[in-house]
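I am opening a notebook on a structure that is new to me, and I want to set down what I looked up in the order I looked it up.

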Amino acid sequence: MSEVTAPTPSRAGVGLAACAVFVAASIAPYFVTTLVPAHTGTGYIAIHAVMTAAMLMAWARGRAVPMQALILAGIAARLILLAAPMLSSNDAERYLWDGAVALAGFDPYSVPPADPLVAPMRAIWATPPEHAAYPTLYPPLAITLFALSALAGPVWGIWVWKAIATAAGIALVPLAARLLTRWQCEQHFALVALSPLLVLETGVGAHLDAIVALLVGGAMHASFQKRAVWVGGLLGVGVCVKFLPAIALMPLAIAMGWRAALRMGLAAIGAIAVIYGTALAIGWRPIGSLPVFFEKWRNGSPLFTLLEAWLPTPMLLAVIAVAGAVLLLTVMVFARQRPVIATQLAIATPLLLSPVAFPWYLLPLVPLAALGPGAALVGWLSLSPLVYEVRDRFVSDGVWMPAIWPLAIIGGGWMIGLGIDGLRHWRRRLALTDGKH
């Protein structure tokens, strides 16, 4: 019988040093716009790389690093970035614009920023010029949160919104600690507490997806507790913040059985009906401009970019549809026995096949990665910010021209990661087979 040894002080010390490096690196975004104003994208990538190294170092020490230290470091980094400049996008400006339009009594789904009806507002509320022709694409609950922030006005509204996003990011830390401890995989807690993607996209991105990540984490916790109504309700609310959580309903419903699936579906439909019904009742037409967004933007998607370069549009769409069907069929096959892996794949599927996969879109995958870490998924989360190289020229010259090399590295990371995961699975199977003999 093998003897279980306690964590050595040196292992714990290295993990604590990694926490300190992570917190120290969270201060760096305050200096990017001053030191390298024409290279904010590169600055973000460098900071993310340092924080990723710290996260991986802490993760490698597993349970040797006290969970309290990870919690404190994760929360401290999130609080430090509350007032940080926004480096990864100007989406927060659009959030506040949409909220202000709603507060002014207009339908944000019908009135784009360039509409003459809202011309006086443009002198008060900034909105990204590349968004001018398009009405909002965000679901009604997101618009409500934006409007709540906009109540504070054009000066303080951004701080209210950042406080909301930061509160969601902080709330995910103790939730993940409880979730991972309950399911005896707390050795992976660093992947959430010290996730550079979560911390930076909440702090310097102020992205709505921080709230989605919290709701997905809450749904996973409820699913493990067999609380189907809570799972459906949380994911239904998530759909009203951003559409991506809808696809998580399928694997979790299959995993919990048909009776629980029925309760889950009713709860999700009820939440969506109430929120969308309220939006319709006040005169909004929440159909958004999502198709236009996918026609206009290209970034962060190695597979779609490769297929688009090789195939004519009709064949491209057919291949994407077939790939999506195969991936979702795989989700259904895995859902009963491996619900975490199935949920990871379900949420990843639209991101893998979409023409647009900005790094912040991946935030809901972070708590799932900690529940079942694989090389392919952790690698994707770590490499995705390379696409921010496009920000350098976009910020300085207003030119959106993504390079191919980040996509090549991310795609290569997928392949290497899948190879590592496959090898690990084969070795586990071989060990089990040898054990039976």
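**Helix 17 and its surroundings**

I began with the length of helix 17, keeping in mind that this is a predicted model. Helix 17 covers residues 313-335, and because each of its 23 residues should add 1.5 Å, counted over one less than the number of residues, I expected a span of 33 Å; the end C-alpha atoms lie 32 Å apart, which agrees.

Next I asked which residues of helix 17 are buried. I found Leu-316, Ile-320, Gly-324, Val-331 and Ala-335. I noted that an α-helix has 3.6 residues a turn, so residues three or four places apart point the same way. Looking for what covers the buried residues of helix 17, I found that the cover includes helix 13 (249-256), helix 16 (302-310) and helix 18 (339-353).

**The largest pocket**

I then turned to the largest pocket, which holds about 1,200 Å³ of space. Its lining is made up of 30 residues, and those closest to the centre are Ile-341, Gln-344, Ala-376, Leu-418 and Asp-421. Helix 17 appears here again, since helix 17, helix 18, helix 20 (375-383) and helix 22 (405-436) each supply at least two lining residues, while the largest share, 8 residues, comes from helix 22. Sorting the lining by class, I recorded 19 nonpolar, 7 polar and 4 charged residues.

**Cysteines**

Last, I looked for disulfides and found 0 in the structure. For Cys-19, the nearest cysteine sulfur is that of Cys-185, 18 Å away. Cys-19 counts as buried because its relative accessibility is 5%, under the 20% cut-off, and Cys-240, at 0%, counts as buried too.

Key: Residues are numbered from 1 along each chain as its sequence is written. This is a predicted model: local features need pLDDT of at least 70, side-chain atom pairs count only at pLDDT 80 or more; totals for chains, interfaces and linings use all residues. Side-chain values use heavy atoms; hydrogens and water are left out. Helices (H or I, at least four residues) and strands (E, at least two) are DSSP runs, numbered from the N terminus. Buried means under 20% relative accessible area, exposed over 50%, partly exposed in between (1.4 Å probe, protein chains only). Contact means heavy atoms within 4.5 Å. On a 1 Å grid over the protein atoms alone, a cavity is a set of points where a 1.4 Å probe fits but cannot get out, and a pocket is an open set with protein on both sides within 12 Å along at least five of seven lines; lining residues have an atom within 4 Å of a point. Grid points are joined across faces, edges and corners, and a volume is the space filled by probe spheres set on the points. Ala, Val, Leu, Ile, Met, Phe, Trp, Tyr, Cys and Pro count as nonpolar, Asp, Glu, Lys and Arg as charged, and the others, Gly among them, as polar. A disulfide is a pair of cysteine sulfur atoms within 2.5 Å.
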